[in-house]
Amino acid sequence: MDLGLRDKSIMVAAASRGLGYGIAREVARAGARVCIAAPTEPRVHESAQKLREETGAQVISCQFDALDPGSILDWRDTTISQFGGIDGLVVNAGGPPAGGFDDFDDAQWQRAFELTLLSAVRMIRAVLPSMRSRGGGSIVTVTSSSVKEPIDVLLLSNVMRSGVTSLAKSLSRELAVKGIRVNNLVPGAMNTDRLKGLMEAQAEKTGQPIDKLWAERAATVPLGRFGEADEFGKAGAFLLSDAAAYINGETLVVDGGAMKTVW
Ligand code: NAD
């Protein structure tokens, strides 16, 4: 299937590794020009170099932090100056810290709001003028299965990502008239540093070996394993592409069948 991504200009946030990197690689493989962004230098530039070597595509990189509005605008401006405009955006950032209700004070709630929800608002706001002037675009927000089934140890994620989901659904209705689609992409348990970090914390807390916890958790997935970043990336590339031209305001789950919810 031709995704129709050739020469499209796509911005992928938090893409120096993990799920963002997985999406960036798949859209680059499909012939898009990609501008990745992440907080740490030189890591983000090394990741862009790796993407160029792996795909042969035009890939550039920017240092940005989802908590820093100015850096979001710089990333947008770099993309426009190098690629002439923006056709696709992947909203993504590092996840908020794990914990339950008694673990967080106002400052931590505020930080989670800015990291996960306000950064989504800012990224989307930044790209809309270019998408509107080009007559359309595709926006994909990376959220979590916690938006459908709250995860006990991830209260901040549960709450903030539900906000992102509502934001995307609302915008999908508001922006459709301009040819701009907005969809959510939901990872289940994916084999990345984020999952390893959460499992390490659980191992430390419970005193159980991480290998045992890893195997037990993987066994809860009907497919019997965690997902890989490139599997997530393919779903992201699809939503960004013209192949998904009539999919708008949807939430696509990539979790190996782990969630039991029907909707
Ligand atoms: P990861 O730890 O592998 O990668 C995180 C990426 O986010 C890195 O590129 C990092 O540089 C970047 N990042 C960190 N802090 C940032 C900030 N302040 N601003 C911008 N970028 C920042 O994580 P991942 O598995 O790729 O997860 C991506 C998102 O998906 C996270 O929000 C995570 O919570 C969420 N998620 C992941 C899983 C999973 O199983 N991996 C499941 C559900 C949700």
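# Notebook: ligand shell, holes and odd backbone spots

By class, I get 13 nonpolar, nine polar and five charged residues in the shell around the ligand. This is a predicted model, so I keep in mind that local features need pLDDT of at least 70.

**Entry 1, the ligand.** I listed the neighbours next. The ligand has 27 residues around it, and Leu19, Ala93, Arg161, Met190 and Thr192 are the closest. Then I went after polar contacts to ligand oxygen atoms. Which part of Ala93 comes up against a ligand oxygen, backbone or side chain? For Ala93 a backbone N or O atom sits 2.7 Å from an oxygen atom of the ligand. Arg161 does it with a polar side-chain atom, 2.7 Å from an oxygen atom of the ligand. Met190 uses a backbone N or O atom again, here at 2.8 Å from a ligand oxygen. I checked the burial straight after: on its own the ligand exposes 820 Å², and the protein buries 90% of that.

**Entry 2, what holds the ligand.** I looked up which helices feed the shell. Helix 1 (18-29) and helix 6 (193-206) each put in at least two residues. And why does the ligand lie between two domains? Domain 1 (9-190 + 227-254) and domain 2 (191-225) both contribute residues to the shell, so the ligand lies between them.

**Entry 3, the cavity.** I searched for closed space as well. The count comes to one cavity of 30 Å³ or more. The largest cavity holds about 90 Å³ of space. I wrote down its lining in full: Val91, Asn92, Ala93, Gly94, Leu115, Thr116, Ser119, Val142, Arg161 and Val164. Two names ring a bell here: Ala93 and Arg161 line the cavity, and both are among the residues closest to the ligand. By class I have five nonpolar, four polar and one charged residues in this lining. Helix 4 (106-134) and helix 5 (155-175) each supply at least two of the lining residues. Which helix gives the largest share? That is helix 4, with three residues.

**Entry 4, the second largest pocket.** I moved on to open space. The second largest pocket has about 160 Å³ in it. I find 14 residues in its lining, with Lys8, Asp87, Gly137, Ser138 and Asp242 nearest the centre. The lining splits into four nonpolar, five polar and five charged residues.

**Entry 5, backbone oddities.** Last, I scanned the torsions. Most residues other than glycine have a negative phi, and most peptide bonds are trans, so I note the exceptions. Where is the cis bond? It runs from Glu41 to Pro42, with omega near 5 degrees. Pro42 is in the loop between strand 2 (33-38) and helix 2 (43-55). For positive phi I have Asp7, near 65 degrees and not a glycine. Asp7 belongs to the segment before strand 1 (9-13). Ala14 is another non-glycine with positive phi, about 50 degrees. I placed Ala14 in the loop between strand 1 and helix 1, and helix 1 is one of the helices that supply residues to the ligand shell.

Technical notes: Residues are numbered from 1 along each chain as its sequence is written. This is a predicted model: local features need pLDDT of at least 70, side-chain atom pairs count only at pLDDT 80 or more; totals for chains, interfaces and linings use all residues. Side-chain values use heavy atoms; hydrogens and water are left out. On a 1 Å grid over the protein atoms alone, a cavity is a set of points where a 1.4 Å probe fits but cannot get out, and a pocket is an open set with protein on both sides within 12 Å along at least five of seven lines; lining residues have an atom within 4 Å of a point. Grid points are joined across faces, edges and corners, and a volume is the space filled by probe spheres set on the points. Ala, Val, Leu, Ile, Met, Phe, Trp, Tyr, Cys and Pro count as nonpolar, Asp, Glu, Lys and Arg as charged, and the others, Gly among them, as polar. A residue is near a molecule or strand if one of its heavy atoms lies within 4 Å of it. A polar contact is a pair of N or O atoms within 3.5 Å; within protein, one must be able to donate a hydrogen and the other to accept it, and residues adjacent in sequence count only if both atoms are side-chain atoms. Accessible areas come from the Shrake-Rupley method with a 1.4 Å probe; for residues, only the protein chains shown count as cover. Helices (H or I, at least four residues) and strands (E, at least two) are DSSP runs, numbered from the N terminus. Domain bounds come from an automatic or database domain assignment.
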